[in-house]
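This report looks at charged side-chain contacts, one helix and a surface patch. The structure it refers to is shown here.

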Amino acid sequence: MRPARAPIGLQLSQASRAVSRAFDDALAAAGGSLPIWLVLITLRTQNLASQRELAEAMGIREATLTHHLTSMESGGLISRRRDAANRRIQVVELTTAGNEMFDRLRGVAMSFDKRLRSGITAAEIAALEQVLGRIAANVGAADGARPGAPPWTAMADSARSQL
């Protein structure tokens with residue numbers, strides 16, 4: 001027997017894939033990618049002392065981050081250096097080119113967000129945020145910042161002033 005409606009998880013997954021693809025395409029058209037954008041916005045909005053803290057703030061493993069940082073360093077977007085007080089710590093900083101890329105991708109992200117919000121009221125956006133939070137909590141994705149919040153929620157909250 002077929003359900004009267006498509007399961008909510010399937011609808012959410014399909015919408016997520018469509019939005020992700022469109023955002024990836026928009027970032028790529030500006031010379032970026034989602035990993036680059038996430039590293040840049042995290043570095044611009046958080047006071048981090050090390051590569052390890054950057055990985056934790058992004059909710060990814062340090063080895064995965066290292067791969068992205070190596071590429072970004074080769075592209076001149078970031079620099080890495082050893083901390084003078086503790087040589088085991090890698091300090092990651094944006095370069096001038098990294099700040100310029102951040103500004104370009106911030107414009108893309110702002111335009112994309114505006115496109116997503118088109119025709120949706122502020123009340124509907126607030127309701128959507130609540131529902132998405134509850135859905136995430138229902139599958140046990142709660143973290144310490146807010147029940148049901150994804151790992152980058154705290155970053156996004158502090159980034160609102162940057163966008």
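## Salt bridges and surface

Arg117 and Asp113 form a salt bridge through their side chains, with an N to O distance of 2.6 Å. The model is a predicted one. Both residues belong to helix α5 (residues 96-117), where they sit four residues apart, about one turn of the helix. An α-helix has 3.6 residues a turn, so residues three or four places apart point the same way. Arg117 is partly exposed, at a relative accessible area of 36%. Asp113 is also partly exposed, at 32% relative accessibility.

Salt bridges with shared partners also link Arg44, Asp103 and Arg106 into one network. The structure has six salt bridges in total.

Another of these pairs joins Arg52 and Glu62, whose side chains meet at 3.3 Å, N to O. Because Arg52 is in helix α3 (residues 51-58) and Glu62 is in helix α4 (residues 62-74), this pair ties together parts that are 10 residues apart in sequence. Arg52 has 52% relative accessibility and therefore counts as exposed, the cut-off being over 50%. Glu62, with a relative accessible area of 31%, is partly exposed.

A salt bridge is also found between Arg80 and Glu73, where the closest N and O atoms are 2.9 Å apart. Is Arg80 buried or exposed? Its relative accessible area is 19%, so Arg80 is buried, since buried means under 20%. Glu73 is partly exposed, with a value of 30%.

The three pairs described individually are listed below.

| Arg residue | Acidic partner | N to O distance |
|---|---|---|
| Arg117 | Asp113 | 2.6 Å |
| Arg52 | Glu62 | 3.3 Å |
| Arg80 | Glu73 | 2.9 Å |

The next element is helix α2. Does its length agree or disagree with the span expected at 1.5 Å a residue? Helix α2 has 12 residues (residues 34-45) and should therefore span 16 Å; its end C-alpha atoms are 16 Å apart, which agrees. The expected span is 1.5 Å times one less than the number of residues. The buried residues of α2 are Ile36, Trp37, Val39, Leu40, Ile41, Thr42, Leu43 and Thr45.

On the surface, Leu12, Leu128 and Leu132 make a nonpolar patch of about 230 Å². Leu12 is located in helix α1 (residues 8-29). With a relative accessible area of 35%, Leu12 is partly exposed, and residues in such patches need over 30%.

How values were computed
Residues numbered from 1 in each chain as written. Predicted model: local features only at pLDDT ≥ 70, side-chain atom pairs only at ≥ 80, totals over all residues. Heavy atoms only, no water. Helix = DSSP H or I, 4+ residues; strand = E, 2+ residues; numbered from the N terminus. Buried < 20%, exposed > 50% of the residue type's maximum accessible area, 1.4 Å probe, protein only. Salt bridge = Lys/Arg side-chain N within 4 Å of Asp/Glu carboxyl O. Patch = residues over 30% accessible without salt bridge, like charges linked within 9 Å, V, L, I, M, F, W, Y side chains within 5 Å. Areas by Shrake-Rupley, 256 points an atom, 1.4 Å probe, with all protein chains shown as cover.
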